[in-house]
Amino acid sequence: MVAIRRIAIALLALSGIVAATTAVLWGAALAGLAHTSVIASDAMRPAFAVGDLVISTPLATEELRPGDVISLPTAGAPQLVTQRVIEITHLPDGQWAIVASADADGPALAAEHIVGAQAWEPTLSVPVIGGVARSVLEPELGLPLLAVFGLLVAAAMLWHAPRTPTARAA
């Protein structure tokens, strides 16, 4: 029983580290300091693979050049989409028109995005973690994991380490 309790405590500690990291990334997104996205296709290889978690930080749009990899907001998508800049044009109203594509072969699937003075530059990529995180959010996996987490809490709280007997005074 002691081994089960120790394993439960170790897994809970690992869960705490993951939760703290998630809270920092969430706070950074709310503060406008960073955004996260998950690579959904092989189109950005070799820079990024499917399932990579990409953390993007702000970059002045005027610094962008064709060929740069950036993360852009896309209509209908809750996350930023990472694509390669094909063309960039400064518009009279101070905004920028960016033609970008996730297609590794060029502008075959290019789309135009209108952005302001700030774009998002991928600065850190964590392999595989994004795919794992996306899977955990699916009910088919997330609900059983939540149940296991509850069992870990119960194991850590309920099973006590055996106490050593104390000697009684004679």
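**Figure 1. Residue L80 in strand β4.** L80 is found in strand β4, where strands (E, at least two residues) and helices (H or I, at least four) are DSSP runs numbered from the N terminus. The view is taken from a predicted model, in which local features need pLDDT of at least 70, side-chain atom pairs count only at pLDDT 80 or more, and totals for chains, interfaces and linings use all residues. Residues are numbered from 1 along each chain as its sequence is written, and side-chain values use heavy atoms, with hydrogens and water left out. L80 counts as buried because its relative accessibility is 12%; buried means under 20% relative accessible area, exposed over 50%, and partly exposed in between (1.4 Å probe, protein chains only). Leaving aside residues up to four places away in sequence, L80 touches H35, S37, S71, L72, P73 and W120, a contact being heavy atoms within 4.5 Å. One of these partners, H35, is 45 residues from L80 in sequence, with a C-alpha to C-alpha separation of 7.6 Å.

**Figure 2. The second largest pocket and its lining.** The second largest pocket holds about 190 Å³ of space. A pocket is an open set of points on a 1 Å grid over the protein atoms alone, with protein on both sides within 12 Å along at least five of seven lines; a cavity is a set where a 1.4 Å probe fits but cannot get out, and lining residues have an atom within 4 Å of a point. Grid points are joined across faces, edges and corners, and the volume is the space filled by probe spheres set on the points. The lining consists of S37, V38, I39, A40, S41, M44, Q79, L80, V81, T82, A102 and R134. Two elements, β1 (35-38) and β4 (80-90), give two or more residues to this lining, and β4 supplies the largest share, three residues. By class, the lining has seven nonpolar, four polar and one charged residues; Ala, Val, Leu, Ile, Met, Phe, Trp, Tyr, Cys and Pro count as nonpolar, Asp, Glu, Lys and Arg as charged, and the others, Gly among them, as polar.

**Figure 3. Helix α1 and the residue G32.** Helix α1 spans residues 2-30, 29 residues in total, and reaches 42 Å from its first C-alpha to its last. That reach is close to the 42 Å expected at 1.5 Å a residue, the expected span being 1.5 Å times one less than the number of residues. Just after α1, G32 adopts a positive phi of about 75°.

**Figure 4. Two loop residues, A75 and V128.** A75 lies in the loop between β3 (69-73) and β4. A75 counts as exposed because its relative accessibility is 80%. Its C-alpha atom is separated by 9.3 Å from that of H113, 38 residues apart along the chain. V128 occupies the loop between β7 (118-126) and α2 (129-136). Although V128 is not a glycine, its phi is positive, about 70°. V128 is exposed, with a relative accessible area of 53%.

**Figure 5. Residue V153 in helix α3.** Helix α3 (residues 139-158) contains V153. V153 counts as partly exposed because its relative accessibility is 32%. The C-alpha atoms of V153 and L11 are 9.6 Å apart, with their positions 142 residues apart along the chain. As context for this view, the protein has three helices and seven strands, following the pattern α-β-β-β-β-β-β-β-α-α along the sequence.
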